[in-house]
Structures are given as structure tokens and as C-alpha cells.
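Here are a few exercises to work through with the model open beside you. Try each task before reading its solution.

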Amino acid sequence: DIGKNTLKLCFVTTTEGENGWQGDYLSNLLSFCQPRIGEAQNLLTLESLTRKQKLMINKSLQNSKLPSGYWFDGSNYVDYNGTQSELHPIFEEVALAWIKKKNQILQEQNEDFEQQRTQRHKLKITFY
């Protein structure tokens with residue numbers, strides 16, 4: 001099992017510069033041999049949800065009890081004033097809970113990526 005911090009073997013050939021080996025140049029080349037670090041992702045908001053995510057959350061509510069004063073007409077949720085909505089009346093509440101869960105996962109991943117970047121910057125390559 002190869003750990004996250006394992007440097008994979010990489011062979012680099014170069015020519016000797018005027019002032020001997022170009023250490024910084026080789027260090028930079030060798031850094032490309034390390035496993036890629038994921039990109040930090042933006043946290044989700046209600047506004048950033050994709051249509052697909054909204055539909056998935058809304059579909060999970062289709063068998064939920066409707067609040068008082070609402071009914072489903074077969075394609076839309078309708079309130080007692082006749083206002084129609086494609087989204088379930090408690091959609092926002094459920095979506096915010098889903099976003100909170102997803103954001104916890106994203107935050108942990110982002111922190112892990114940052115830790116990997118910090119460790120990578122501490123990597124020192126010495127040439128003999």
C-alpha cells in the first residue's frame with residue numbers, strides 16, 4: 001500500500017550547467033513526480049445547487065407529508081393562495097441540511113489538500 005506521502009520513482013536526466021548541477025531546476029522537475037493534490041472546492045450554498053441536485057433533493061421529498069395548507073396537483077405544489085411551485089414546501093429546510101452535510105465533507109477534503117500542500121513545501125531534495 002502506497003501512502004499519501006510516498007514519492008514515486010522518477011528519473012530525470014539533465015546536463016551540467018556552467019555552475020555545476022542546477023539544484024533548483026532538478027528540485028522543480030522532481031516535484032512533478034509527486035502525486036497530484038486535489039483542488040480545493042467551494043462550499044455549497046442554496047444558490048450554487050445545480051438543477052440536478054435540486055431535483056434529487058426534491059424527489060427525496062415526494063412521499064413526505066405536506067404542511068397544512070398545501071397540496072400537490074400532479075405537477076406542482078400549491079398553497080392555499082394558489083401559488084404554485086415545482087419544489088416541495090420544505091425543500092429549503094431539507095436542502096440546507098443536505099448542504100451542511102456536504103460542506104462538512106468538502107471542508108475536510110479542503111483541509112486535507114491544504115495539509116498535503118504544506119507537507120509538500122517541506123520536502124527537501126538534496127543532491128550529492
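**Exercise 1. A loop leucine**

Task: Is Leu-44 buried or exposed, and which residues does Leu-44 touch beyond its neighbours in sequence?

Solution. Keep in mind that this is a predicted model.
- Start with the accessibility: Leu-44 has a relative accessible area of 18%. Buried means under 20%, so Leu-44 is buried.
- Next, place the residue in the fold: Leu-44 sits in the loop between helix H1 (23-31) and H2.
- Now list the contacts, leaving out residues up to four places away in sequence: Leu-44 touches Trp-98, Ile-99, Lys-102, Asn-103 and Leu-106.
- Finally, take one of these partners and compare sequence with space: Leu-44 and Leu-106 are 62 residues apart in sequence, while their C-alpha atoms are 8.8 Å apart.

**Exercise 2. The view from the helix**

Task: Where is Asn-103 placed, and with which residues is Asn-103 in contact once neighbours within four places in sequence are left aside?

Solution.
- Find the element first: Asn-103 belongs to helix H3, which covers residues 91-122.
- Check the accessibility: with a relative accessible area of 15%, Asn-103 is buried.
- Then look for partners beyond four places in sequence: Asn-103 is in contact with Leu-43 and Leu-44.

**Exercise 3. Two salt bridges**

Task: How many salt bridges does the structure hold, and what parts does the pair Arg-51 and Glu-86 tie together?

Solution.
- The count is 2 salt bridges.
- In one of them, the side chains of Arg-51 and Glu-86 meet at 3.1 Å, N to O.
- Arg-51 lies in helix H2 (residues 51-60) and Glu-86 in the loop between S3 and H3, so this pair ties together parts that are 35 residues apart in sequence.
- For the surroundings, Arg-51 is exposed at a relative accessible area of 54%, whereas Glu-86 is partly exposed at 38%.
- Glu-114 and Arg-117 also meet in a salt bridge, with an N to O distance of 3.9 Å. The cut-off for a salt bridge is 4 Å.
- These two residues are 3 apart in helix H3, which means that about one helical turn separates Glu-114 from Arg-117.
- Glu-114 counts as partly exposed at 44% relative accessibility, and Arg-117 counts as partly exposed at 23%.

**Exercise 4. The sheet and its edges**

Task: In what order do the strands form the sheet, and which strands stand at the edges?

Solution.
- The open sheet has 3 strands in the order S1-S2-S3, with antiparallel pairing.
- Strand S1 (70-72) and strand S3 (84-85) each have a single partner strand, so they stand at the edges and one side of each lacks a neighbour in the sheet.
- Look at one pairing: strand S2 (residues 77-79) is joined to S3 by 2 bridges, and the two run antiparallel.
- At residue level, Val-78 has Gln-84 in S3 as its bridge partner.

**Exercise 5. A ring pair**

Task: How many aromatic pairs does a search of the whole structure find, and why is the pair of Phe-72 and Tyr-77 classed as it is?

Solution.
- The search finds 1 aromatic pair.
- Its ring centres, in Phe-72 and Tyr-77, are 4.7 Å apart, and the planes stand at 50°.
- Planes under 30 degrees apart would count as stacked and over 60 as edge-to-face, so the pair is tilted.
- As a last step, compare accessibility: Phe-72 is partly exposed at 42%, while Tyr-77 is buried at 8%.

Methods: Residues numbered from 1 in each chain as written. Predicted model: local features only at pLDDT ≥ 70, side-chain atom pairs only at ≥ 80, totals over all residues. Heavy atoms only, no water. Phe/Tyr/Trp six-rings, centres within 6.5 Å; stacked < 30°, edge-to-face > 60°. Buried < 20%, exposed > 50% of the residue type's maximum accessible area, 1.4 Å probe, protein only. Pairing = 2+ DSSP bridges. Helix = DSSP H or I, 4+ residues; strand = E, 2+ residues; numbered from the N terminus. Contact = heavy atoms within 4.5 Å.
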